[in-house]
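Me: Please take a close look at a single part of this structure, and then set it beside some of its other parts. I would like each term to come with its cut-offs.

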Amino acid sequence: MLSIKHLEAISLNVPFYHERVSRHMHRASTHGERVHVYRVELSNGVIGYGENLGDESGNIERIIGQNAFACLNDDGIGFGIQMSLFDAIGKSVGVPAYQLIGPKVRERCPISWWDIDMPPEDWVAEVQESVKRGYTSAKLKARPWRDIFAQVDAVGDAVPADYRLDIDFNGFLRTADNAIPVLQQLDEHPNVAIYESPYYLGTDVEGAARLQAAVKKRIVEHFNESCLHARCCGGFVVGGGLNALRRTNALCSSFDQPFWLQMVGTGITTAYAVHLGAVLSQAELPAITCHELWESDLLETRLPVVDGTIQVSEAPGLGITVDETALAEYRVDPSTPTPQQLFRQSEYTCRVHIPDGSGGETVHDFSGEDVYYPAFSDGEYPGFVPGVWMEVV
């Protein structure tokens with residue numbers, strides 16, 4: 001029996017690759033520098049790696065000594081641990097991870113750049129960097145405290161004509177009626193390709209169908225069966241463990257709906273996402289892993305992005321070599337705060353300037369995103385007003 005001999009959780013603080021990324025990620029309610037890497041050793045001595053931004057160490061004790069193949073398809077062990085088993089077992093039997101999942105349906109998998117909300121000039125710098133690294137699309141976070149029209153115009157002037165922008169509203173447009181004029185205006189921009197969650201479509205599938213009919217570009221939503229059965233959007237955002245992904249893929253296939261894989265992590269997660277994308281027939285849209293955010297992808301050799309895609313590896317396991325030097329450099333005690341956590345413990349003010357339509361503005365101060373995010377989400381302040389901007393004081 002090929003059993004799980006040892007499993008170690010390694011906590012890392014991996015800095016973001018650029019100051020502008022740190023500045024905006026620290027202020028935002030999203031992932032920080034903390035990465036948890038899982039190093040599994042099988043009874044044959046083979047080592048495999050996985051990772052998750054979340055801590056799965058509570059699952060380790062129950063799988064030590066268990067049959068590795070029996071645990072492979074157990075989503076309950078955690079995303080990162082499951083990933084490490086695909087790496088180790090693939091190496092043990094001499095096959096790439098995708099062959100443990102199913103037949104390959106594509107040789108190259110699409111992938112997209114990702115950024116949190118930023119002023120136009122910072123988004124421009126980010127997409128220019130993405131083009132240098134081989135990307136042809138970016139997923140960008142639209143927020144009501146930014147001028148999305150100015151942001152998109154600036155980015156469009158800085159990228160090739162065929163570069164695609166996926167605009168993620170995270171529900172901030174609130175209703176179909178609010179969303180229609182905003183998306184119709186963005187529709188006219190040639191680089192805009194996809195709108196994600198203008199509002200949470202499952203709360204009003206009739207409105208979602210009306211919204212999709214009113215705009216030209218594709219609308220996607222985080223996977224839910226009510227939207228699938230109502231056929232009220234043009235695709236989905238999908239993540240989770242392998243068995244859940246298989247089920248979602250089968251459902252989307254039966255409705256001829258595409259999705260993108262969204263699983264955030266460094267190059268380790270990105271390599272796994274490529275193996276999943278190689279097999280899951282409906283993973284037609286560019287995957288989101290956010291791995292370019294960090295200064296290290298934790299790999300000895302970067303996964304090359306060519307024309308917005310990554311080649312599926314035929315090497316055993318995930319087909320990567322994890323950089324042990326980087327693991328040692330970034331390793332921290334799990335109790336060590338991240339730079340993002342330290343920033344959010346400091347004194348700062350998020351100041352939002354909203355034009356009042358008569359040449360003036362109203363100014364609103366917030367102690368952090370945990371305050372202004374729900375306030376804007378609940379409609380307490382006008383959203384997506386042309387000329388709105390935020391500063392962090």
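**One strand pair and its surroundings**

Reply: Within E3, Gly 50 is the bridge partner of Tyr 38. This is a predicted model, in which local features need pLDDT of at least 70 and side-chain atom pairs 80 or more, while totals for chains, interfaces and linings use all residues. Residues are numbered from 1 along each chain as its sequence is written, and side-chain values use heavy atoms, without hydrogens or water.

Glu 41 also has a counterpart in E3, for it stands opposite Ile 47. The strand that runs beside E3 is E2, which covers residues 34-42, and the two are antiparallel and joined by six bridges. (Strands are DSSP runs of E with at least two residues, helices runs of H or I with at least four, numbered from the N terminus; two strands pair if DSSP finds at least two bridges between them.)

Between E2 and E3 the chain makes a hairpin with four residues between the strands, and there Gly 45 takes a positive phi near 90 degrees. The pair belongs to an open sheet of three strands, in the order E1-E2-E3 and with antiparallel pairing. Strand E1 (4-13) and strand E3 (47-52) form the edges of this sheet, and each of them has a single partner strand, so one side of each is left without a neighbour in the sheet. Although E3 is such an edge strand, it is mostly covered, with five of its six residues buried (under 20% relative accessible area, where exposed means over 50% and partly exposed in between, by a 1.4 Å probe on protein chains only).

Elsewhere in the model, Glu 129 is a residue of helix H5, which runs over residues 120-132. Which class of accessibility does Glu 129 fall into? Its relative accessibility is 19%, and therefore Glu 129 counts as buried. Glu 129 and Asn 73 are 56 residues apart in sequence, and their C-alpha atoms are 37 Å apart in space.

Helix H11 is mostly covered as well, and here 13 of its 13 residues are buried. What span should the 13 residues of H11 have, and how far apart are its ends? At 1.5 Å a residue the span should be 18 Å, and the end C-alpha atoms of H11 are 19 Å apart, which agrees.

H11 also takes part in enclosing empty space, since it gives the most to the lining of the largest cavity, namely four residues. (A cavity is a set of points, on a 1 Å grid over the protein atoms alone, where a 1.4 Å probe fits but cannot get out, and lining residues have an atom within 4 Å of a point.) Helix H11, at 267-279, and strand E4, at 108-110, each supply at least two residues of this lining. Among the residues that line the largest cavity are Arg 106, Cys 109, Pro 110 and Ile 111, and further along the sequence also Leu 261, Thr 270, Ala 273, Val 274 and Gly 277. Ala 283, Leu 285 and Ala 287 belong to the lining of the largest cavity too.

The second largest cavity has Ile 111 in its lining, together with Ser 112, Trp 113, Trp 114 and Tyr 135, and this lining also includes Thr 289, Cys 290, His 291 and Glu 292. Ile 111 is thus found in the lining of the largest cavity and in that of the second largest.

Terms used: On a 1 Å grid over the protein atoms alone, a cavity is a set of points where a 1.4 Å probe fits but cannot get out, and a pocket is an open set with protein on both sides within 12 Å along at least five of seven lines; lining residues have an atom within 4 Å of a point. The expected span of a helix is 1.5 Å times one less than its number of residues.
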